[in-house]
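Biologist: Before we go through the elements one by one, could you show me the model, and then explain what lies behind each of the words you use for it?

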Amino acid sequence: MPVFGQRLRELRLASGLTLEGLAESSGVSARAISDMERGLSRAPWPRTVNALVSALAHPDAGSLTALARQGRDASPAPRRRPAGLPRADGLFIGRDEPIARIADHAASSTPVAVVHGPPGVGKSALALRLADRHAGLFPDGRFHLDLRGGDAEPADLQGVLLRALSISPRQISADPEERTGQLRDVLRQRRCLIILDDAAGEAQVRPLLPAAGPSLALITSRQSLGGLEAVLRVALEPFSPAESAELLREVAGPGAGSDEDVARVAYLCGHLPLALRIAGRPGGSMASLATRLADADRRLSTLGVETAFTVSYRRLPEPARLLFRRLAHLVPGSFSATTVAVLAECDPYDAEDVLEDLVERGLARPEGYARYRLHDLLRLFAGDRLRAEEPAEVRAAVRRRLHRWYLDTTIAAGRWFEPEFGHAPDGWDNPVPLDTAEQARYWLQSELEGWHAALRTAAESGEHQRVVDVAGALHWYSDRTLSTEPWTVVFGLSRAAAARLPDRRQEADHCNFLSWAYVSCENRYAEGRDLALEAHRLAKQVGDARAQAESLFYAANAVRLLGDLETAGRLCRQSLALAEACGDHDGYVNTMVLLGTIEENRGRSAEAVAQYRRTLYEVERRPLSPSPRRAARLTASIYLAQALCDAGRWAEALVAAEAARPLAEEFGEARFRGQAAMVLGWACAATGDTERGQALLREASGLLGGSA
């Protein structure tokens, strides 16, 4: 028996303590004390020796310190302790909250924690920082096993860990099941930290986990290891912009660059810790680095993160690899399984299964309901794999199929709002559900960037009629999202496309659509007027009275906003007469609303009130299409309430505003909802309900951008 162990046993017995009694008073496990006394642990850590000296409370207990030092000096130095901790990087930013959560979890009855996230997010660094920061929680040792993403065999790792725990190789069982029990018995009696780094799956780590007891197993993995029960899961995300900037400045040292340059580099690194550490290496300026990183084709090689991504990619089965790399066809942003199914030519449910697997592996992340997103650097990596593994003709065919699907679905969804349709096409055979207008609106909004990109591609490819058809299907839908979507782009493309086609009637329509977008979305009144007058010229050229009436309506509204109310009124009356003559009831009632607005702008509130009431009467009397009826009823109701407020007829205004509010909520567009809340707020405040009035005005201010 070595001198330290013999002396420890003598002092314990002289103090009248059992192994369990000394363990309880010192915090060192009974198994660890037994190993020391039997000579299995000949060089205990100073922290452990100090705890034993204090617990023994014997006059000669201090001699243990010198004996332990002699034992360490006599121990052969060249051999590295099995499962020893790697050297931790001294530079570590943030992550205080997850480290504190894991440390708290160490006190639970079966402490197992899984830190998971995408490659390069800093999982291993967090585990090593916890081992350093909370060393005192684990007096019986801190151990690290590199599982190498599945390459390391659990049986071999069990042997390494048992030897690290000072179990003689001759005592380690050859049977894997017995070895699992042996490892758990040892850990049950000790307070250790076991870091299982880069685990590939549950089967690899289960034989290495402690049973109930004081030891903590901390697993890092690109997967969440959902098959493990009763574990703490900590999902690591990329850094915040502030944390990214701090890390970059710490790595790069003094004079790293301006705040703007540092923020730009952090953004181009996707706030990924691994990329930030590589990017911040001293040498060169942040400004020049930002310039290099701005080149998407060079960004991955500049940052040196491709190797980490490749490891995860190669672990995927081939169907998942195909789907992952084809995600590069999508524009940046969130995407659905249905869209991905078009890329992979598979069932949406199969696509969803693969996407969930990518989420589990840290290669994608969920976003909102049934949608997903790729990290920017992973998107670039997917593009590299796509170009390397699929021929150009295959890539082109997939893009064409995706764009064709986007535009077909956009037309089908837009038709829900068109007067001539009001539903999806008969026999609609597409995984996208378009059974209601609300479903159509959801798809158009959630897939906005995708169908916009497809429309731009069609325009660039010279598919002029296709562009015109898509924009035409969205004409009435555009009223509902005029404050959130760039309609000048959509109708600018369609107007240019229509000009290249022989149908001048069609060109007039799209001049009108762009006129509306200029006036309603961007306050470009003069350009809107000129386009509407050009549409009138074209409509007159082909003898289309309905198109003439519509163009005069748009011109009148633009001229009104330019301040020429006399001309606006004249154009509006001409439009009204043409609409009546050709039986355009939809256009007629919307022009009546505009006439009321012109009267209101002239300061003639009583006349405006009468005009809006006549409009509401005509809305109920005439055979209108659903969308125009809804729009005319809504605008006439809101403007009637506003005119009554302007006239000081508060009781009537309150009734009118209460009627307008649900119409605006049903319509859904923020501007109309804000206007309805504003006039109702005015009416409530003026009729004595101050509290409700103030609440409504605050709501209106939020919807209208603070202008209420």
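**Why each word applies**

Modeller: Let me begin with a pair of strands: S7 and strand S8 (residues 371-373) run antiparallel to each other and are joined over 2 bridges. This is a predicted model, in which local features need pLDDT of at least 70 and side-chain atom pairs count only at pLDDT 80 or more, while totals for chains, interfaces and linings use all residues. Residues are numbered from 1 along each chain as its sequence is written, and side-chain values use heavy atoms, with hydrogens and water left out.

Biologist: What makes S7 and S8 a pair?

Modeller: Strands (DSSP runs of E, at least two residues) and helices (H or I, at least four) are numbered from the N terminus. Two strands pair if DSSP finds at least two bridges between them, so the 2 bridges between S7 and S8 satisfy the rule. In S8, Arg373 is the bridge partner of Arg365.

Biologist: Which sheet do these strands belong to?

Modeller: They belong to an open sheet of 3 strands, ordered S6-S8-S7, with antiparallel pairing. Strand S6 (335-336) and strand S7 (365-366) are its edge strands, since each pairs on one side only.

Biologist: What lies across S6, S7 and S8?

Modeller: Helix H19 (residues 348-360) does, and its direction makes about 45° with S8. Such angles are taken between N-to-C directions and run from 0 to 180 degrees, with axes fitted to C-alpha atoms, for helices over the stretch in contact.

Biologist: What makes S2 and S5 edge strands?

Modeller: Another open sheet has 5 strands in the order S2-S3-S4-S1-S5, with parallel pairing. Strand S2 (142-146) and strand S5 (232-235) each pair on one side only, which is what puts them at the edges. From one strand to the next, the twist averages 15°. Helix H8 (residues 154-164) packs on this sheet, where it touches S2 and S3, and its direction makes about 160° with that of S2.

Biologist: How do you know that Arg190 is buried?

Modeller: Buried means under 20% relative accessible area, exposed means over 50%, and partly exposed lies in between (1.4 Å probe, protein chains only). Arg190 has 5% relative accessibility, and therefore counts as buried. Arg190 sits in the loop between helix H9 (176-188) and strand S3 (193-199).

Biologist: Why does Arg190 have a polar contact with Leu165?

Modeller: A polar contact is a pair of N or O atoms within 3.5 Å; within protein, one must be able to donate a hydrogen and the other to accept it, and residues adjacent in sequence count only if both atoms are side-chain atoms. A polar atom of the Arg190 side chain lies 2.8 Å from the backbone oxygen of Leu165, so the distance falls within that limit.

Biologist: And why is Asp261 called partly exposed?

Modeller: Asp261, in helix H12 (residues 259-268), has a relative accessible area of 23%, so Asp261 is partly exposed. Leaving aside residues up to four places away in sequence, Asp261 touches Met286 and Ala287, where contact means heavy atoms within 4.5 Å.

Biologist: Which residues of H8 are buried?

Modeller: Among them are Pro154, Leu157 and Gly159. What covers the buried residues of H8 includes S2, H9, S3 and helix H10 (202-205). After H8 comes Ser166, which has a positive phi, near 70°.
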